[in-house]
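Q: Please take a close look at one helix of this protein and at what surrounds it. I should like the account to begin with a single side chain and to widen from there to the whole chain.

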Amino acid sequence: MHSKTLGCTLLIAGTTIGAGMLALPLAASPLGGPATLILMLVLWALMAYTAMLQVEASLTTGHTHLHQLAEHLLGAWGKRLAAFCVLMLFYSLAAAYISGGSSLLSQALGDEGITLSQERSAWLFTLFFGGMVCIGTRSVDYLNRLMFATKLVIMVAVLAMLLPRAEGQHLLAMPLEQGLLLAGLPVIFTSFGFHGSIPSVLLYLGRDPRQLRRVFVWGSALPLILYVLWQVAILGLLGQQRLLATGGALDGLLAGVGQVIDWSTFSQAMHLFADLALATSFLGVTLGLFDFMAKALNRRDNATGRLQTGLITFVPPLLFALYFPQGFIMALGYAAIALAVLAVLLPVTLVWQSRKVPEQGGYRAPGGTYGLLAATLLGLLIVGVQVSVSVGLLPAL
C-alpha cells in the first residue's frame with residue numbers, strides 16, 4: 001500500500017477510534033451485547049457508504065469541502081446548512097475530546113504525584129495537540145502514525161488480558177427498558193464519525209477513486225472490528241450494573257477495570273491507551289475543522305494565518321470543556337444531530353442532485369436509488385431519535 005494511502009487509512013481509523021471507542025461501553029451498557037452488535041454493524045455500513053457518496057460528489061464537481069459542494073449543487077441555502085452542521089459537529093466533538101482528554105491527563109499526572117487541575121490539563125492538552133494541527137497536515141500524519149501504532153499494540157495486549165475474563169452472561173444481557181434500542185442509535189452512530197476528515201484526505205491523497213475507496217472502507221472497518229472486541233471485553237468483564245455505576249465518566253470506567261484486574265502495569269497501559277485514543281481522534285477532527293475554517297475565512301497559509309485559524313478552531317471547544325468538564329457524553333449527543341445531517345442526509349442529497357446530469361464516465365458509489373433511500377431513512381431516524389431523547393420522549397442512555 002502506498003505510504004500516503006496507509007497514512008490516510010490510519011488517519012481515518014485514528015479519527016474514529018477515539019472518544020467513540022471509550023464512550024461505547026459507557027453509553028451502550030443499558031442496551032446489552034446483542035443489540036449493541038447489531039447497531040454497530042448497521043451504522044458502520046451506513047457511514048462507509050455515505051463516505052463514498054461524498055467522494056462521488058467531490059469527484060463529479062471538482063469541489064472538496066462540503067459547503068462548496070452544497071453551494072454548487074444546492075445553492076446558497078445548502079451552503080449555509082452545510083457550514084452550520086460542520087461547525088456544530090466539529091466543535092461538539094472537539095469539546096468532547098478536550099473534556100475527556102483533560103480528565104484522563106489530570107488523573108494520569110496525579111498518579112505520578114503531579115497535581116494539575118482539570119482546567120489546566122485542558123489547556124495543556126489543547127495547546128500541545130492543537131499546536132501540531134497548526135503546524136500542518138504532514139506533522140499530524142506522522143504523529144498520528146506513531147500514536148496509532150502504539151495504541152494498536154497496547155490494545156492487543158489489553159484485549160489479550162480482558163477477553164479471557166469476559167463472562168458470557170454479561171454479553172447476553174438485553175436492554176434494561178423499552179426505547180433504549182432507539183436511544184442507543186445517536187451515540188453509537190457518532191462513534192463511527194470520520195466524515196469531517198474527508199476533505200483533508202482528498203487534499204492530501206488526491207482524487208484516485210480506488211485509493212479513496214480503500215482508505216474509507218478499510219479505515220472504517222478496522223474501528224468496527226476493534227469496537228466489537230472492546231465491547232465484548234469491557235461488557236463481559238464488568239457487566240451492565242457496574243458500567244452503569246460509573247456515571248458515564250471515563251475515569252470511572254478505567255477505575256472499574258482496575259478494581260477487577262489489580263495490576264499496576266495493566267492499569268498504566270489502560271490509561272495510556274485511553275490517552276492515545278482521545279489524542280488521535282482529536283487530531284483527525286480538529287484537522288478537518290482547521291482546514292474548513294481556513295478555507296471559509298480565506299486565511300493565508302503562513303504563520304500569521306495559521307495562528308488566526310488555530311485560535312478560531314480551538315478556543316470555542318476549550319471554553320466548553322472548561323465550563324462543562326463532565327460534558328463528554330453530552331457533547332457526543334449534540335454531535336449526533338449534526339453528523340446525521342452532515343454525513344448522511346447531505347451526501348445523499350448532493351449525489352441525488354449530481355446524478356440528474358447525464359453521467360460522463362465519472363465515479364459512482366454502489367447502491368443505486370435504493371441505497372440512497374435506505375441511507376435517507378436511517379439518517380432521518382437518527383435525527384428523530386436524538387431530538388426525542390433531548391426533549392424526554394425517549395429514555396437517555
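A: R306 counts as buried, because its relative accessibility is 18% and the cut-off for burial is under 20%. The model is a predicted one, and every value given here is computed from it. R306 lies in helix α15, which covers residues 303–323. Apart from residues up to four places away in sequence, R306 touches V133, C134, I135, G136, F290, R300 and D301.

A second residue of the helix, F314, may be set beside it. F314 is also found in α15, and it counts as buried because its relative accessibility is 7%. Once its neighbours within four places in sequence are left aside, F314 is in contact with T126, G130, V133, C134, F282 and T286. V133 and C134 therefore appear in the contact list of F314 as well as in that of R306, by the rule that contact means heavy atoms within 4.5 Å. F314 also comes within reach of a distant part of the chain: its C-alpha atom is separated by 8.0 Å from that of A94, although the two residues are 220 residues apart along the chain.

Several of these contact partners belong to helix α6. This helix spans residues 118–135 and has 18 residues. From its first C-alpha to its last, α6 reaches 26 Å, which is close to the 26 Å expected at 1.5 Å a residue. Its buried residues are Q118, S121, A122, F125, T126, F129, G130, M132, V133 and C134. Among them are T126 and G130, which F314 contacts, and V133 and C134, which both F314 and R306 contact. Just after α6 comes G136, whose phi is positive, at about 150 degrees. G136 is one of the residues that R306 touches.

What lies on the surface of α15? L311, placed in this helix, belongs to a nonpolar patch on the surface. The patch is formed by L307, L311, V315, L319, Y323 and F324, and together these residues have about 630 Å² of accessible area. A general point about helices is useful at this stage. An α-helix has 3.6 residues a turn, so residues three or four places apart point the same way. The helix thus offers two kinds of residue to study: R306 and F314, which are buried, and L311, which is part of the surface patch.

The interior of the protein can be considered next. The largest nonpolar core contains 122 residues, and those with the most contacts inside it are L162, I188, F189, V201, F216 and W230. Helix α14, residues 264–296, gives the most to this core, with 15 residues. I188 illustrates how such a residue is surrounded: beyond its neighbours within four places in sequence, it is in contact with L24, A28, L31, T36, L39, M40 and L43. V201, another residue of that group, is one of the buried residues of helix α11, together with I198, P199, S200, L202, Y204 and L205. Because 7 of the 8 residues of α11 (residues 198–205) are buried, the helix is largely enclosed by the rest of the structure. G206 follows α11 and has a positive phi, near 110 degrees. Helix α1 is mostly covered too, with 11 of its 14 residues buried.

Charged pairs add a further kind of link, and the count of salt bridges comes to 2. In one, the side chains of E56 and R355 meet at 2.8 Å, N to O. This pair links distant parts of the chain: E56 is in helix α3 (residues 33–61), R355 is in the loop between α16 (328–354) and α17 (368–391), and they are 299 residues apart. Both E56 and R355 are buried. In the other, K79 and E71 meet at 3.8 Å, N to O. K79 counts as partly exposed because its relative accessibility is 32%, and E71, with a relative accessible area of 40%, is partly exposed as well.

Finally, the whole protein provides the setting for α15. There are 17 helices and 0 strands. Of the 397 residues, 57% are buried. Among contacts with a separation of 6 or more, 83% are between residues 24 or more positions apart. The accessible surface comes to about 16200 Å², and 65% of it belongs to carbon and sulfur atoms.

Methods:
Residues numbered from 1 in each chain as written. Predicted model: local features only at pLDDT ≥ 70, side-chain atom pairs only at ≥ 80, totals over all residues. Heavy atoms only, no water. Patch = residues over 30% accessible without salt bridge, like charges linked within 9 Å, V, L, I, M, F, W, Y side chains within 5 Å. Areas by Shrake-Rupley, 256 points an atom, 1.4 Å probe, with all protein chains shown as cover. Salt bridge = Lys/Arg side-chain N within 4 Å of Asp/Glu carboxyl O. Helix = DSSP H or I, 4+ residues; strand = E, 2+ residues; numbered from the N terminus. Core = buried A, V, L, I, M, F, W, Y, C linked by side-chain atoms within 4.5 Å. Buried < 20%, exposed > 50% of the residue type's maximum accessible area, 1.4 Å probe, protein only. Expected span 1.5 Å × (residues − 1).
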